[in-house]
Amino acid sequence: MTLKFALAGVALGAIALAGPSAFAQTIGFSQVGSEGDWRPAFSANMQESAKDYGVDLKFANAQGKQEEQLRAVRAFIAQGVDAIIIAPVVVTGWDQVLREARDAEIPVFLVDRDVDVEDKSLYVTRISADFNLEGKLAGAWLAAESKGDCKIVELQGTTGSAPAIERKKGFEAVIGQFPAMEIVATQSGDFTTEGGKKVMEAFIKSTDNLDGICASFAHNDNMQLGAIQAMKEAGLNPGKDVQMVSVDYVPAIKDALDDGEANASVELRSAVGEFIYPVVLDYIKNPAELDKWIVIPSDLHTAD
Ligand code: GZL
């Protein structure tokens, strides 16, 4: 064997001994879309921090369409990626494609949102905030602020999405303890600023300029920012006559808090690559049974 072949043999042997970490892991990420301000920040963090972990990230933006997410996941399976990360736009419709990933022996990790599947072994774990807690934090803040007496209008997130379902449940679990706290109007603004503005315009009409309304609870800041626009155009005083509480704590709501046009926002961290990639990469190297949910903390922020 000439020296050249011998050296090649040594090099290959060394890489083999080094194990998978010697190569970049290829991970497919199916992202919901780019609605609002929080989602793009989350996407940017995932794409930026992938480099810190030596991950070759295949990023697919579904523009809010589940069929596009399913198409992207099937493409990742065909490519034979090392792992698949999904932020599922809604909770239903995932069983079949998760079975296809399992049959291809590609581990799937849920991030941000959640799925409603019979067989939870179809995904390794979910790494996300606790949306139900976020709703509870918002409800508890408002109960304290209003001394348990408040008629509320609610701007719901995307129908059928885990954050919309769970934030509503958590919020109602708290205000339900107070007989004088009640959601008197509720509608989905689909997590967008435009959607929130349209919903609040409808509430302003149906409640005679928010007569008797003490608060607006929005499942995300973007819908609350749209609501603020609608209220100001109607000559109303968001943050003063009506308490404004929402979720995400994006930069634009911080400005509204500073301007006195919003009153509270529950932070949803967008820089979560540092939580997600270590879990995924460790699992690829050493597939071990994990808890089905790794919770990222949420904190409530107010104007002061
Ligand atoms: C919640 C996330 C939600 C954000 C919204 O984790 O899925 O989706 O609260 C976004 O801003 O649209």
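Author: A polar contact is a pair of N or O atoms within 3.5 Å. The model discussed here is predicted.

Reader: What makes the approach of Glu35 to the ligand a polar contact?

Author: A ligand oxygen atom is 2.5 Å from an N or O atom in the Glu35 side chain. The cut-off is 3.5 Å, so the pair counts as a polar contact.

Reader: Which distances put Arg39 and Arg167 to that test?

Author: For Arg39, an N or O atom of the side chain is 2.9 Å from a ligand oxygen atom. For Arg167, a polar side-chain atom lies 2.8 Å from a ligand oxygen atom. Both values are within 3.5 Å, so both pairs are polar contacts.

Reader: How much of the ligand's accessible area does the protein cover?

Author: On its own, the ligand has 320 Å² of accessible area, and the protein covers 100% of that.

Reader: Where does the ligand sit?

Author: The ligand sits in the largest cavity. That means more than half of its atoms lie within 2 Å of the cavity's grid points.

Reader: Which elements give two or more residues to the shell?

Author: Helix H2 (38–52) and helix H6 (162–175) do. The residues around the ligand include Trp38, Arg39, Pro163 and Arg167.

Reader: Why is Asp112 called charged, and how does the shell divide?

Author: Asp counts as charged, so Asp112, one of the residues around the ligand, falls in that class. The shell has 6 charged, 5 nonpolar and 1 polar.

Methods. Residues numbered from 1 in each chain as written. Predicted model: local features only at pLDDT ≥ 70, side-chain atom pairs only at ≥ 80, totals over all residues. Heavy atoms only, no water. Near = heavy atom within 4 Å. Polar contact = N/O pair within 3.5 Å; in protein donor to acceptor, adjacent residues only side chain to side chain. Areas by Shrake-Rupley, 256 points an atom, 1.4 Å probe, with all protein chains shown as cover. 1 Å grid on protein atoms, 1.4 Å probe; cavity = no way out; pocket = protein on both sides within 12 Å on 5 of 7 lines; lining within 4 Å. Helix = DSSP H or I, 4+ residues; strand = E, 2+ residues; numbered from the N terminus.
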